[in-house]
Amino acid sequence: MPQLFVILAALSWGFISLFVKKLTIYGFTEMEIVTIRVLYAFILLIPVVIFQQKKGILRIKLIHLPYFFGTGLFSIVFFNWCYFTAMNKLSVSLAVMLLYTSPVFVVLLSYFILKEKLTKKKLIAVSVTIIGCSMIALAGSGGGSQWNQTGFIIGLGAGLGYALYSIFGKLALRYYNSTTITFYTFFIASLCLVPFYRFWEKMSQLPIDAHVYMIGLALIPTVLAYILYTIGLNRVESSTAAILATIEPAAAIFVGILLFKEKLFFLQFIGILFILSSVLILSLKRKTADVSLSAPREL
């Protein structure tokens with residue numbers, strides 16, 4: 001059942017907040033957690049690439065390096081920092097839904113940068129997302145205990161950051177496969193972060209549990225989820241995979257409410273439904289090349 005791989009990947013992404021919250025409790029900043037994720041993920045990707053044994057899989061041209069700085073630095077680093085910060089300033093439920101605005105950002109960026117057509121369906125999806133975000137903002141500004149205006153803006157930044165991965169990734173896909181792009185994305189991200197965020201200096205005083213969460217962050221919602229989603233995407237239609245991946249916010253909301261005792265207000269819930277609706281609208285009858293990078297989520 002290939003759909004099961006996509007579902008398991010979505011569930012893996014949905015549990016990322018468990019690792020982020022725990023590492024925050026252990027004293028790591030959001031940027032240190034981002035560094036942990038990208039560095040450990042890069043290390044774990046090395047045997048994956050070796051196992052594939054494809055000739056020239058790591059061969060790239062220097063002229064294409066800007067694509068990987070785009071996916072690694074301007075997308076992965078930026079989007080992860082925004083996402084993790086939003087989790088700590090808002091709630092897991094709201095953070096994941098603001099991340100799910102990324103397909104709409106892809107639509108807008110593709111129109112201006114890639115000169116793609118802005119169809120009626122895309123305009124409807126953009127409008128529905130704006131309404132959903134407005135509902136979430138209105139519910140929060142009305143006195144929600146887990147509301148933070150800065151967190152809301154940063155949460156939207158997560159959607160924008162992930163959308164940038166789709167733009168730079170689509171440009172890179174003209175020359176390289178997804179494994180090559182993923183490998184160099186995490187390599188560039190690690191290269192840019194490690195010299196500045198020396199998280200290992202805190203590790204000597206941490207319990208074993210902290211190390212488990214650090215490895216788990218890179219393994220479960222990152223490398224394992226990517227492998228599972230890729231396997232599923234190769235066996236089911238990409239539009240189906242994109243729809244199945246919307247299990248992620250359901251899992252994230254479940255984790256937030258059950259483990260972190262978060263509350264979800266009625267208007268926020270309606271806003272979440274609007275945002276999910278826009279994702280489903282964009283997923284219907286889309287071509288494989290469009291969905292594989294623009295629908296949340298591969299990383």
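**Exposure and salt bridges, step by step**

Biologist: Why does Glu201 count as exposed?
Modeller: Glu201 has 53% relative accessibility, and exposed means over 50%, so Glu201 gets that label. Keep in mind that this is a predicted model.

Biologist: Okay, and what makes Glu201 and Arg198 a salt bridge?
Modeller: Their side chains meet at 2.7 Å, N to O. The cut-off is within 4 Å, so the pair qualifies.

Biologist: Why does Arg198 count as partly exposed?
Modeller: Arg198 comes out at 41%. Partly exposed sits between under 20% and over 50%, so that's where Arg198 goes.

Biologist: How do you know that Glu32 is buried?
Modeller: Its relative accessible area is 11%, and buried means under 20%, so Glu32 is buried. Glu32 also forms a salt bridge with Lys202, the closest N and O atoms being 2.8 Å apart. That pair links distant parts of the chain, 170 residues apart: Glu32 is in helix H3, while Lys202 is in the loop between helix H9 and helix H10.

Biologist: What makes Lys170 and Glu116 a salt bridge?
Modeller: Their closest N and O atoms are 3.1 Å apart, and the rule asks for within 4 Å, so they pass. Lys170 lies in helix H8 and Glu116 in the loop between H6 and helix H7, so the pair ties together parts 54 residues apart in sequence.

Biologist: Which residues are linked in a network of salt bridges?
Modeller: Glu116, Lys122 and Lys170.

Biologist: And why does Phe112 count as exposed?
Modeller: Phe112, in helix H6, has 58% relative accessibility. Exposed means over 50%, so Phe112 makes the cut.

Methods. Residues numbered from 1 in each chain as written. Predicted model: local features only at pLDDT ≥ 70, side-chain atom pairs only at ≥ 80, totals over all residues. Heavy atoms only, no water. Helix = DSSP H or I, 4+ residues; strand = E, 2+ residues; numbered from the N terminus. Buried < 20%, exposed > 50% of the residue type's maximum accessible area, 1.4 Å probe, protein only.
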